[in-house]
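User: Please take a close look at one part of this model, a sheet and what packs on it. I am a first-year student, so explain each term as you use it.

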Amino acid sequence: MEASMRVEQVIVRQVSFPLTTPYKLSTGDKLVFDPYVIEVRAEDQTGWGECMVSPGYTTETRHGSWKSALDMAQRLIGAPVNLAGKVISGYAPQFPGISSAMYGAIDMLNEEPLLRTDHDTKIPLLAPCQAHEAKALQDEIEQLIEEGFKTLKVKVGYKWQDDLDRVSLIQAFAAGRVTVRLDANRGFNESDGKSFSSRLNPVGIELFEQPCASDDWGANSAVAAASTVPVMLDESIYGIADIDRAAKIENVGFVKLKLKKIGKAHELEAALNHIRELGMTPVLGDGVSLEIACWMEARVGSRTISNAGEMNGFLKARSRLFQNPLVLHQGAIHLPAGYWPIMDRDSLIFHTIKEEKYGF
């Protein structure tokens, strides 16, 4: 990138991508992914960023995120690309998600080394296991194993007794062939979370994710103390201070991060390494991102995590954003040496539901 290169155009879009099947959460099923997509152009180069703001997952609102994106877009016009981060940093504390999308586009324009693929790279992913009825559950597990996945993610946080019965079925059908991650997505109160986690048979279960509300550290700590398996915090974590706080809680053995929580690629790498330095295990990935964020997380994850990545949201959508789409083979993203994404503008335009342009 030329040091004198300046931002010439910023386009803020919201897209809507229908999913192949509903994505089941304790907070409600998702039928579409509708993130904000940022396009930043400078001379003949283009950078892309992406973030979906999910009400309830974060303190950010869609209205506030959209408005802050438009404000940033206007202020970025004419700014040197290598200094554009200074504009974004003023918004990041209050709007980390949409700021991460802006940072992503600037990282691409700055040719951030972490995003480069110098050699063929494989990043194993987990797969969601969503069936409930016994036969459908058995068939789904067999299919996922045949497709090469080694880790399955199971959503809980409904009625704890029913969840416990379903997890027992999954353990029986998996028969030790795959690892299971449980995710409550904040669905339990303290009492139900303790009832569920204290009765878990730990065989084959890697972790139990975010049992209680994001800001209820007391309830999450109590559930972790009662749990037969290590707890992972996700929605409670928004920066280094939260990571440090998690490290002091008994039986919190994992912390999950997403690019949209941290901002820049190199800051994400540093935060993941910090988790490990504190004696916990880092987990990475956003299951509700499309290809832009999933690709960026895969690149960072290839250097920082040793377990299954959760950057699998792009697989849930019916169509893709890239002309050269991310390749999944035997349960892993495969990035060939030299890979750099090329946007499929026809797909982007078809799925755009609103946009604002600034600059030429």
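Analyst: Four strands form an open sheet, in the order 5-4-1-16, with antiparallel pairing. Strands here are DSSP runs of E with at least two residues, helices are runs of H or I with at least four residues, and both are numbered from the N terminus. Two strands pair if DSSP finds at least two bridges between them. This is a predicted model: local features need pLDDT of at least 70, side-chain atom pairs count only at pLDDT 80 or more, and totals for chains, interfaces and linings use all residues. Residues are numbered from 1 along each chain as its sequence is written, and side-chain values use heavy atoms, with hydrogens and water left out.

Start at the edges of the sheet. Strand 5 (45–51) and strand 16 (352–359) stand there. Each has a single partner strand, so one side of each is left without a neighbour in the sheet. On average, neighbouring strands of this sheet are turned by 15° against each other, direction ignored. Such angles run from 0 to 180 degrees between N-to-C directions, and the axes are lines fitted to C-alpha atoms, for helices over the stretch in contact.

Now look at one pair. Strand 1 (residues 9–15) runs antiparallel to strand 16, and seven bridges join them. Within strand 16, lysine 354 stands opposite glutamine 14.

Next come the helices. Helix 3 (residues 96–109) lies across strand 1, strand 4 (36–42) and strand 5. Its direction is at about 155° to strand 5. Helix 11 lies across strand 4 and strand 5, at about 95° to strand 5. Contact here means heavy atoms within 4.5 Å.

Helix 11 deserves its own look. It covers residues 291–304, which makes 14 residues. From its first C-alpha to its last it reaches 20 Å, close to the 20 Å expected at 1.5 Å a residue. That expected span is 1.5 Å times one less than the number of residues.

Is helix 11 enclosed by the rest of the structure, or open? Twelve of its 14 residues are buried, so helix 11 is largely enclosed. Buried means under 20% relative accessible area, exposed means over 50%, and partly exposed lies in between (1.4 Å probe, protein chains only). Among the buried residues are Glu291, Trp295, Arg299 and Thr304. An α-helix has 3.6 residues a turn, so residues three or four places apart point the same way.

Cysteine 294 is another buried residue of this helix. Its relative accessible area is 0%. What about disulfides? A search of the whole structure finds zero of them. Cysteine 294 is in no disulfide, and the nearest cysteine sulfur, that of cysteine 51, is 12 Å away. A disulfide is a pair of cysteine sulfur atoms within 2.5 Å.

There is also another sheet to see. Three strands form it, open and antiparallel, in the order 6-15-14. Strand 6 (121–124) and strand 14 (327–329) are the edge strands, and each pairs on one side only. Neighbouring strands of this sheet are turned by 35° against each other on average, direction ignored. Strand 14 and strand 15 (residues 332–335) run antiparallel, joined by three bridges. Here valine 327 stands opposite histidine 334 in strand 15. Helix 11 packs on this sheet, touching strand 6 and strand 15. Its direction makes about 100° with that of strand 6.

Put the parts together. Helix 11 lies across strand 4 and strand 5 of the four-strand sheet, and helix 11 also touches strand 6 and strand 15.
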